[in-house]
Every structure is written in structure tokens, then in C-alpha cells.
Amino acid sequence: MTIQQILFVVLAVIGTLYLLRQVRKPTRWIGRLFVWVMNKSHSTLTDWGLQHVLIEKDFTILDIGCGGGRTIQKLAAMATEGLLCGVDYAAGSVGASRSKNAKLISEGRVEIRQASVSRLPFPNAKFDLVTAVETQYYWPNLVKDMQEILRVLKPGGKLIVILESYKVGSDNKLERPKKSLLRYTLLSADGQRELFSTAGYTSVQLFEERSKGWICASGRKPL
Ligand SMILES: C[S@@+](CC[C@H](N)C(=O)[O-])C[C@H]1O[C@@H](n2cnc3c(N)ncnc32)[C@H](O)[C@@H]1O
């Protein structure tokens, strides 16, 4: 191998790692680009997932890992008399979500804050519904983070987790390299059920669209 070839490989590896980091936590302009792409590519998945939950007009809703803010916009169209909050730990996502929902923010119907799922900037029992689309993979401590969500849910309130790729049996070879590079946790449907129960949720429900690898998991805060 020549020095030029070695240099090319090193730069390609650094570039790939940088891009993967931006997918996980969009901070710079390139991250904003990913967030824009995610708004487009996650739309059908989000519509499918949201069919599995009843959304009342006056609901107070939190969307965690709100990315480009498309889910917040969809939820605002359903909870027409409610309040929509979004959090994301990445500055790039918060900026993109705020731009996408600028009108709703100016009307006082939407609030978007920079925060981690591990420390939500809200009082106990504020929300009727918490949504999390394509973000749970990245959370640092799944049980504790799910319990932090439980804290901000009203008794009887619901968490709904919507994911595009999940573990189906052991046939998951292609996901493994992606998983280790992006450092994410991939759970099976049974794994999701166990996680919800361990974290203290009741009435756990799982919906799968196996042909697409989609999963939607939900659970309630006990009354
Ligand atoms: C793949 S994007 C999905 C964005 C959006 N929910 C969607 O469906 O298009 C994942 C988002 O989760 C956010 N995220 C990852 N870990 C997080 C954490 N610990 N707390 C809050 N947000 C997080 C990332 O910053 C990113 O915006």
C-alpha cells in the first residue's frame, strides 16, 4: 500500500465516524442535513406508529428525540387544543425542530427544549402522552430513562416508542456492524416488553410490521 492509499483509508474512516456521530447527535450543518432527511424518511413509520394510540384534542404531549420536528407537527394537528413539547439533546435537532414549528411556537402551542431523556426539564405528572420515534436506541440507560419518562407522565398516561429496525430472532447480521459503530441498543419485541415492565409500565402492547422491520411498543403509568 502506498502512503496516498493509507492516507485515503485513514481519511475515509475518520469521515465515516464523524458522519455516524452526527446521525447519533446532530450538531453541525451536516447534522441538520441528516435531520432533514430523517423528517422525510421517518414520516410513514411515524404515521403507522401513531395509529396505535388514541390522541385526545386537549392532550399535553412530549416528543423525545424530536429531531427535525416533523412528529411534533403531526401531533399538533391531532391535539388541536393541546400543548406539544419536544426535547432533543442535540443543538442541531433543536434548531431544526424550532424552525419547522416556528408558527406553532409563536402561537404558544409548541415548546422545544434542549435536554436529554435522562433528565427531563418538566415537573412530575405533566403529560398525557410521551412519544419517542427512532431515538430509544441511543438512550444511555434504558431502564432509568424509561423511569424518567414515567415520572413526567400523568397516572394512566402512555409512552409510545416507534422504531424502524429491531431485533427479529437472531437473524440480524447486517445490524451488528451498524450497532457497534453507532453504539446503539437493539431490542427484540420480547426485549421491549420486558423493558417496559421492568421500568414499571403496565398494559404493555406491541405492534409489529415484520415485512418492514417496524415496531411500536406502548405502556401506561399505573393509576
Ligand atoms: C434518528 S433521530 C430521530 C429524530 C426524530 N424523532 C425522527 O423520527 O425523525 C434520533 C434523535 O434522537 C436524539 N437523541 C439521541 N439520544 C438522545 C438522548 N439521550 N436524549 C435526547 N435526545 C436524544 C438525537 O439527537 C436525534 O435528533
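Two strands count as paired if DSSP finds at least two bridges between them. The views below come from a predicted model.

**View A. The sheet is open and has seven strands.** The strand order is 3-2-1-4-5-7-6. Pairing is mixed. Strand 3 (110-114) lies at one edge and strand 6 (202-209) at the other; each pairs on one side only. On average, neighbouring strands are turned by 15° against each other, direction ignored.

**View B. Strand 1 and strand 2 run parallel.** Strand 1 covers residues 60-64, and strand 2 covers residues 83-88. Five bridges link the pair. Within this pairing, leucine 62 stands opposite cysteine 85 of strand 2.

**View C. Two helices meet the sheet around strand 2.** Helix 4 (residues 70-78) lies across strand 1, strand 2, strand 3 and strand 4 (127-133). Helix 4 runs at about 170° to strand 2. Helix 5 (residues 91-100) also packs on the sheet, where it touches strand 2 and strand 3. The direction of helix 5 makes about 165° with that of strand 3.

**View D. A nonpolar patch lies on the surface.** Its members are Met1, Ile3, Ile6, Leu7, Phe8, Val9, Val10, Leu11, Val13 and Ile14. Together they have about 1100 Å² of accessible area.

**View E. Isoleucine 3 sits in helix 1.** Helix 1 spans residues 3-24. Isoleucine 3 has a relative accessible area of 64%, so it is exposed; the cut-off for exposed is over 50%. Ile3 is also one of the residues in the nonpolar patch.

How values were computed. Residues are numbered from 1 along each chain as its sequence is written. This is a predicted model: local features need pLDDT of at least 70, side-chain atom pairs count only at pLDDT 80 or more; totals for chains, interfaces and linings use all residues. Side-chain values use heavy atoms; hydrogens and water are left out. Helices (H or I, at least four residues) and strands (E, at least two) are DSSP runs, numbered from the N terminus. Axes are lines fitted to C-alpha atoms, for helices over the stretch in contact, and angles run from 0 to 180 degrees between N-to-C directions. Contact means heavy atoms within 4.5 Å. Patches are made of residues with over 30% relative accessible area and no salt bridge: like charges are joined within 9 Å, nonpolar side chains (Val, Leu, Ile, Met, Phe, Trp, Tyr) within 5 Å. Accessible areas come from the Shrake-Rupley method with a 1.4 Å probe; for residues, only the protein chains shown count as cover. A salt bridge is a side-chain nitrogen of Lys or Arg within 4 Å of a carboxyl oxygen of Asp or Glu. Buried means under 20% relative accessible area, exposed over 50%, partly exposed in between (1.4 Å probe, protein chains only).
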